[in-house]
Amino acid sequence: MTQRIDDYALSGDLQTAGLVGMDGSVDWLCLPRFDSAACFAALLGDENNGHWRIAPKGAGPCTRRSYVGESLVLESVWETRTGTVKIIDFMPQRDTAPDVVRIVEGVSGTVEMSATLRLRFDYGSVVPWVRRSDGHRVAVAGPDSVWLRSEPEVKTWGQQLSTRSSFTVAEGEKVAFVLTWHPSHEPRPELIDPHEALEHSLEDWAEWSSRCRSKGPYRDAVVRSLITLKALTYGPTGGIVAAPTTSLPEEIRGVRNWDYRYCWLRDSTLTLGALLTAGYLDEAAAWRDWLLRAVAGDPADLQIMYGLAGERRLPEMELPWLAGHAGSAPVRIGNEAVSQLQLDVYGEVIDSMFLAREAGLSTEKHAWNLQLTLLGFLESKWREPDEGLWEVRGPRRHFVHSKVMAWVAADRAVRTLEDNPELRGDARRWRTMRDEVHREVCEKGYDPERNTFTQSYGSVELDASALLIPRVGFLPPDDPRVIGTVEAVQEELGADGGLVRRYSTAGRAVDGLPGDEGAFLACSFWLVDALRMTGRVKEARHLFERLLALRNDVGLLAEEYGPAAGRQLGNFPQAFSHIALVNTALALSPDETAG
C-alpha cells in the first residue's frame with residue numbers, strides 16, 4: 001500500500017467503521033462489528049486482500065476532502081481535465097443490516113468514472129462466489145453475504161476476481177452505490193433509499209453535534225474529536241473501542257502491531273470526563289453502565305480490556321497471509337495482554353464511578369457495593385508488581401503509576417463516604433490504605449537526586465504517566481516533586497517539537513520488544529495539562545497548537561506520531577488521543593473545565 005496512515009478518513013454506523021483513502025478506496029472494513037473479520041483488508045496488505053475503489057478513471061488522490069459540517073459524512077472532490085466530481089461516503093445508522101453508501105455526484109463538466117470492488121472475507125483470505133440477482137451483484141462465502149447495487153443501475157462485469165464498472169457523470173447527475181452485508185443464511189434485508197439515508201444522517205449528526213457545550217476557541221477540534229469518539233462507540237452496549245483497526249504499526253516495518261478493536265478500562269475516567277464536560281450525559285451513562293457490566297464478578301478476574309459487549313476471551317493470533325501495513329509484520333488479531341495483571345485499572349474503575357456520582361448520573365446500590373469489593377481486593381494486592389499501564393511484555397515491576405492509581409482508589413472511596421455518610425463503608429480503613437500507598441510511592445518511586453518520579457521502584461527510567469500525578473490529586477501542581485517530574489519528562493522523554501514518548505525503548509529492558517515507537521500523542525496532551533497546571537500556560541498553549549497541527553486533513557489522530565518521518569503511527573483513529581485532546585482543549589478554554 002502506498003497510502004500512509006494519516007491519508008485515511010473514518011466512516012461508520014456506531015457498530016463498525018471503515019477507512020477511506022484519499023484515492024477513493026475503502027481499504028479497511030469489518031462487518032458486521034468492529035471486531036468482526038475484515039472484508040476489505042488492503043490496509044494491512046495490498047488490493048488483493050480486499051478494497052473498494054471509486055474514482056475518476058486514471059486519477060490519483062482527490063484534490064480535497066472534508067466532512068460535511070459537524071458530521072461523519074465525507075466528501076472527496078476530484079478536479080480533472082474534463083470536469084469536477086465528488087464522492088460522498090457514509091454509513092447510515094442501521095436498523096438491522098450494515099450499509100455502506102457511496103454517492104458519485106457530477107459538479108461540473110463530465111467525468112469518466114471507474115470502480116473496482118474486490119471483496120475478500122476473513123481478513124483478506126477468502127474469495128467469495130459472486131452472482132447476479134435482480135440487478136444486484138451478490139457475493140457469498142461461508143457466513144457472509146454482501147449485496148451491491150447502484151441507482152441508477154450501471155453496467156458491471158467480473159474481471160480478475162473483482163467486480164468492475166465504468167460510467168460517466170455530468171454536472172448535476174448522481175450515481176449511488178449501496179453495499180449491504182447480512183448473514184448468508186438469512187434473506188436479503190430491506191433496501192434503503194441512499195439519498196434519504198444521506199439526508200437523515202446529516203440531520204442526525206447535526207442534532208448530536210449541537211449538544212456540545214464547548215463554545216471556546218477550540219470548539220471545532222473538540223467537536224471533531226467527540227464525533228470520532230461517538231463513531232467508535234458500539235451502539236448496542238455503549239462500549240467504546242480504542243480504535244477500529246488492528247496492527248497499524250508503531251514503527252514502520254516494526255513488530256509493535258496490536259489489535260485495538262476492544263474496550264480498555266484504562267480509558268474509563270478520561271473518557272467519562274470528556275463526555276460529561278462536553279455535555280453528552282447519555283453517552284457518559286452508557287459508558288458507565290458498560291463498565292459496570294464488564295467488571296461485574298470476582299475482582300480477582302478483573303481484566304484490562306473486554307470485547308464490545310463485555311466478552312472476556314480475546315485470543316491472540318497472527319495472520320501470515322497479510323504482509324502488514326508498509327511491510328510491518330506480523331498482523332495480529334485478538335490481544336494477549338487481556339490476561340495481564342494491571343493494578344491501575346482498579347483505580348480507574350473506582351475513579352470513574354466517583355466522577356459519575358459527582359456529575360449527578362443516577363446511581364444504583366450495587367455500583368457502590370461493587371466498588372467496595374474491588375477496593376477490598378486491591379487492598380490485599382497493591383503491594384505486588386504488575387505489567388503496568390502500557391501492557392509491557394517484559395517482567396512485572398512495581399510501576400509507580402499502578403501504585404498512584406491504588407492511592408486514587410482509596411482516596412475516592414474516602415471522599416465518597418465523606419460526602420455520602422449514608423453509604424456503608426469504613427472510611428478510616430481506606431484512609432489508612434491511602435496514607436500507606438502515598439508514603440511508599442514517595443519513598444520508593446521518587447528519585448531525590450534527579451527530583452523526579454520514576455517509572456518503577458528503583459528504576460532510572462522515566463514514564464510519561466507520571467504527568468498525571470497532579471491531575472489525579474496525588475500531589476498538588478506546585479509541589480517541587482511535580483515540577484521536577486515535568487521537567488525531567490520533557491528532558492529525557494522529549495521528542496522533536498516538544499512531543500513526548502511514553503517511556504524509553506532502549507535496550508528492550510522495559511517492554512521486552514525489539515524496535516522503537518513514535519511520540520505518544522495522549523502523553524503529549526498530558527504534558528500540556530501538566531504545563532498548564534504548573535503555571536507554564538503560554539508554553540502549554542504553544543504545545544497544544546503544535547499537537548492540533550498534527551491532525552490529518554479531516555481532523556483525525558492515530559496513537560503516535562513519528563517526528564523524523566513526519567507521519568502518524570499506530571492504530572487509527574485512536575480514541576485515547578482524541579479523549580486527551582478534548583480534555584486538554586476544555587481545560588485550556590475559559591469557563592470550561594475538563595473532567
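**View A. Helices α7 and α9 pack at about 45° in this predicted model.** Helix α7 covers residues 365-381, and helix α9 covers residues 427-444. Their axes lie 12 Å apart. Angles from 35 to 65 degrees fall outside the roughly parallel and roughly perpendicular classes, so α7 and α9 are oblique to each other. The crossing of α7 past α9 is left-handed.

**View B. Residues at the contact of α7 with α9.** From α7 come L372, L375, G376, L378 and E379. From α9 come R429, W430 and M433. By class, the contact holds five nonpolar residues, one polar residue and two charged residues. Which residue is the polar one? Gly counts as polar, and G376 is the Gly in this contact. The charged residues are E379 in α7 and R429 in α9.

**View C. Strands β6 and β7 form a hairpin.** Strand β6 spans residues 64-67, and strand β7 spans residues 74-79. The two pair in the antiparallel sense, over four bridges. Y67 has L74 in β7 as its bridge partner. Six residues lie between the strands of this hairpin. Within the hairpin, G69 takes a positive phi near 55°.

**View D. Strand β7 also pairs with strand β8.** β8 takes in residues 83-90. β7 and β8 run antiparallel and are joined by six bridges. S76 stands opposite I87, a residue of β8. How many residues does the hairpin use to join β7 to β8? The connection runs through three residues.

**View E. Three strands, β24, β25 and β26, make an open sheet.** Their order is β24-β25-β26, and the pairing is antiparallel. Which strands are at the edges? They are β24 (519-520) and β26 (567-569), each of which pairs on one side only. Strand β25 covers residues 560-562. Three bridges connect β25 with β26 in the antiparallel sense. G562 stands opposite R567 in β26. Strands of a sheet pair through backbone hydrogen bonds.

**View F. F167 and F177 form a tilted aromatic pair.** A search of the whole structure finds 16 aromatic pairs. In the pair of F167 and F177, the distance is 5.6 Å centre to centre. The planes make an angle of 45°. F167 sits in strand β14 (residues 163-170), while F177 sits in strand β15 (residues 174-183). The two residues are 10 residues apart, and the pair links distant parts of the chain.

Terms used:
Residues are numbered from 1 along each chain as its sequence is written. This is a predicted model: local features need pLDDT of at least 70, side-chain atom pairs count only at pLDDT 80 or more; totals for chains, interfaces and linings use all residues. Side-chain values use heavy atoms; hydrogens and water are left out. Axes are lines fitted to C-alpha atoms, for helices over the stretch in contact, and angles run from 0 to 180 degrees between N-to-C directions. Angles under 35 degrees count as roughly parallel, over 145 as roughly antiparallel, 65 to 115 as roughly perpendicular and the rest as oblique. A crossing is left-handed if the near helix is turned anticlockwise from the far one by less than a right angle, and right-handed if clockwise. Contact means heavy atoms within 4.5 Å. Two strands pair if DSSP finds at least two bridges between them. Rings of Phe, Tyr and Trp (its six-membered ring) pair if their centres lie within 6.5 Å; planes under 30 degrees apart count as stacked, over 60 as edge-to-face and the rest as tilted.
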